[in-house]
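Please take a moment to look at the sequence and the structure below before reading on. The paragraphs after them lead from the whole chain down to single residues.

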Amino acid sequence: MDWVILLASGVLEAVWATALGASNGLKKLKPTVVFVVASILSLYGLGVAMVTIPVGTAYAVWTATGATLTVAWAMLRGTEPTTLRRGLLLMGNFSFQVNSKVGLDMWFNNAPWGPADSWASSFLDLAQKAG
């Protein structure tokens, strides 16, 4: 569930970024209100997700989701140019997000030296015995 909250918070990041751009320096009321509400909800969701998802991973996924969707939305609306470079960047960001959840979990749980929790706890046991 925390991953769903994290991704929803990333979507809200794209909403507040887009609203901030449309607010004309916070001078237009409607986009400014959308910016404030979406940014509060986005940061709240990020904080909730960070209870169970490591900070570095959560923040990276949150920013990558927001950045990817912000650029994609701008390209779809025609306010930013659609180029091959931008398309590859968006695919790279999306690939990172998928690998943050699936790839890293698979690697650390199936690493050649064993699951991360088993070797980390063994290391801590040795450190406690030595100290």
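What follows is a walk through this model, from the overall plan to a few contacts inside it.

The model is a predicted one, and it is sensible to begin with how confident the predictor is in its parts. Over the protein chain the pLDDT averages 82, and 75% of the residues score at least 70. Among the elements, helix α2 has the highest mean pLDDT, at 97, whereas helix α5, which covers residues 116-130, has the lowest, at 54.

How many helices and strands does the protein chain have? There are five helices and zero strands, and, read from the N terminus, the order of the elements is α-α-α-α-α. The chain has 131 residues, and 26% of them count as buried. Its accessible surface amounts to about 8700 Å², with 72% of that area belonging to carbon and sulfur atoms. If one takes the contacts between residues at least 6 apart in sequence, 60% of them join residues that are at least 24 apart.

The next step is to follow one helix along its length. Helix α1 spans residues 2-22, which makes 21 residues, and from its first C-alpha to its last it reaches 30 Å, close to the 30 Å expected at 1.5 Å a residue. Just after α1, N24 takes a positive phi of about 55°. Within α1, the buried residues are D2, L6, S9, G10, E13, A14, W16 and A19, and what covers them includes helix α2 (29-49) and helix α3 (55-77).

Two serines show how such cover looks at the level of single residues. S9 lies in helix α1, and it counts as buried because its relative accessibility is 2%, under the 20% cut-off. Leaving out residues up to four places away in sequence, S9 touches L41, S42, G45, L46 and W62. S42, in turn, is found in helix α2, and with a relative accessible area of 0% it is buried as well. Apart from its neighbours within four places in sequence, S42 is in contact with S9, L12, E13, W16 and W62.

Aromatic rings offer another way to see how the parts meet. A pair of aromatic rings is described by the distance of the centres and the angle of the planes. A search of the whole structure finds two aromatic pairs. In one of them, W16 and F35 are arranged edge-to-face, with 5.8 Å from centre to centre and 70° between the planes. This pair links distant parts of the chain, since W16 belongs to helix α1 and F35 to helix α2, 19 residues apart. Are W16 and F35 buried or exposed? Both of these residues are buried.

The other pair is formed by Y59 and W62, which are tilted, with 5.8 Å from centre to centre and 35° between the planes. Why are Y59 and W62 separated by about one helical turn? The reason is that the two residues are three apart in helix α3. An α-helix has 3.6 residues a turn, so residues three or four places apart point the same way. Even so, the two partners have their own degrees of exposure: Y59 is partly exposed, because its relative accessible area is 45%, while W62 is buried, because its relative accessible area is 5%. W62 also brings the reader back to the two serines, for it appears among the contacts of S9 and among those of S42.

Definitions and conventions
Residues are numbered from 1 along each chain as its sequence is written. This is a predicted model: local features need pLDDT of at least 70, side-chain atom pairs count only at pLDDT 80 or more; totals for chains, interfaces and linings use all residues. Side-chain values use heavy atoms; hydrogens and water are left out. Helices (H or I, at least four residues) and strands (E, at least two) are DSSP runs, numbered from the N terminus. The expected span of a helix is 1.5 Å times one less than its number of residues. Buried means under 20% relative accessible area, exposed over 50%, partly exposed in between (1.4 Å probe, protein chains only). Contact means heavy atoms within 4.5 Å. Accessible areas come from the Shrake-Rupley method with a 1.4 Å probe; for residues, only the protein chains shown count as cover. pLDDT is the predictor's confidence in each residue, from 0 to 100. Rings of Phe, Tyr and Trp (its six-membered ring) pair if their centres lie within 6.5 Å; planes under 30 degrees apart count as stacked, over 60 as edge-to-face and the rest as tilted.
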